[in-house]
Amino acid sequence: MARKPEAVMSYLTEVEELVESLLADKQQIVDLDMKRNQNREALRALQNSTEQSGNVMVCFGNMFIKFPNSRTKNMIRKDQEQLDEEIRKLYNQLKVKVNRLNEAQGKPELKGFNLSPLTQEEMQAIEKTLKG
């Protein structure tokens, strides 16, 4: 059963595009996670700072600006929330793209790949049930 070269090339192009998209998303997740870790470090440094009510120097691009400590913490926390949301979206897209890649390659769908962690409320309910 010989395949036409155009069909083979089309198939390989589709698989290559899916793989490139997956790798780009994974790299973007790594980059966002690095930024999230830097934000955590900054928040920790602000919390451990001796001047709780003073101003701190914040770098915006290539410029340093003095901001109140509390306002800086709020800005970093908002940035953390946005980063968490972006990473969550990328992970969800990643799951879909992996399934599409497996489908294109004729492989079965991964089992247990669509699992999601329990929320805090669900964990509390389980703990409450287990304690009696």
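Me: In this predicted model, is glutamate 85 buried, partly exposed or exposed?
Reply: Glutamate 85 has a relative accessible area of 34%. Buried would need under 20%, and exposed over 50%. The value lies in between, so glutamate 85 is partly exposed.

Me: Which residue forms a salt bridge with glutamate 85?
Reply: Side chains of opposite charge can pair when their charged atoms come close. Here the closest N and O atoms are 2.5 Å apart. The two residues sit in helix α2, 3 residues apart, so about one helical turn separates them. The partner of glutamate 85 is arginine 88.

Me: What is the relative accessibility of arginine 88?
Reply: Arginine 88 counts as partly exposed. That class lies between the buried limit of 20% and the exposed limit of 50%. The value for arginine 88 is 45%.

Me: Which residues do salt bridges with shared partners join into one network?
Reply: Arginine 36 meets aspartate 33 in a salt bridge, at 2.6 Å from N to O. Aspartate 84 also forms a salt bridge with arginine 36, with the closest N and O atoms 2.8 Å apart. Arginine 36 takes part in both bridges. The network is Asp33, Arg36 and Asp84.

Me: How many residues apart are aspartate 84 and arginine 36, which form a salt bridge?
Reply: Aspartate 84 is in helix α2, and arginine 36 is in helix α1. Their salt bridge links distant parts of the chain. The separation is 48 residues.

Me: Is arginine 36 buried or exposed?
Reply: Arginine 36 has a relative accessible area of 16%. The cut-off for buried is under 20%. Its partner aspartate 33 is partly exposed, at 27%. Arginine 36 itself is buried.

Me: Which residues does asparagine 39 contact, leaving aside neighbours within four places in sequence?
Reply: Asparagine 39 is in helix α1. At 11% relative accessibility, this residue counts as buried. Its contacts are Ile76, Asp79, Gln80 and Leu83.

Me: Which residues lie nearest the centre of the largest pocket?
Reply: The largest pocket holds about 310 Å³ of space. Its lining draws at least two residues from each of α1, β1 and α2. Of the 14 lining residues, those nearest the centre are Asn39, Val58, Cys59, Met75 and Ile76.

Me: What is the accessible area of the nonpolar surface patch that includes Leu118?
Reply: Leucine 118 sits in the loop between α2 and α3. At 47% relative accessibility, this leucine is partly exposed. Leu118 shares the patch with Met123, Ile126 and Leu130. Together they have about 390 Å².

Key
Residues numbered from 1 in each chain as written. Predicted model: local features only at pLDDT ≥ 70, side-chain atom pairs only at ≥ 80, totals over all residues. Heavy atoms only, no water. Patch = residues over 30% accessible without salt bridge, like charges linked within 9 Å, V, L, I, M, F, W, Y side chains within 5 Å. Areas by Shrake-Rupley, 256 points an atom, 1.4 Å probe, with all protein chains shown as cover. Salt bridge = Lys/Arg side-chain N within 4 Å of Asp/Glu carboxyl O. Helix = DSSP H or I, 4+ residues; strand = E, 2+ residues; numbered from the N terminus. Buried < 20%, exposed > 50% of the residue type's maximum accessible area, 1.4 Å probe, protein only. Contact = heavy atoms within 4.5 Å. 1 Å grid on protein atoms, 1.4 Å probe; cavity = no way out; pocket = protein on both sides within 12 Å on 5 of 7 lines; lining within 4 Å. Points joined across faces, edges and corners; volume = space filled by probe spheres on them.
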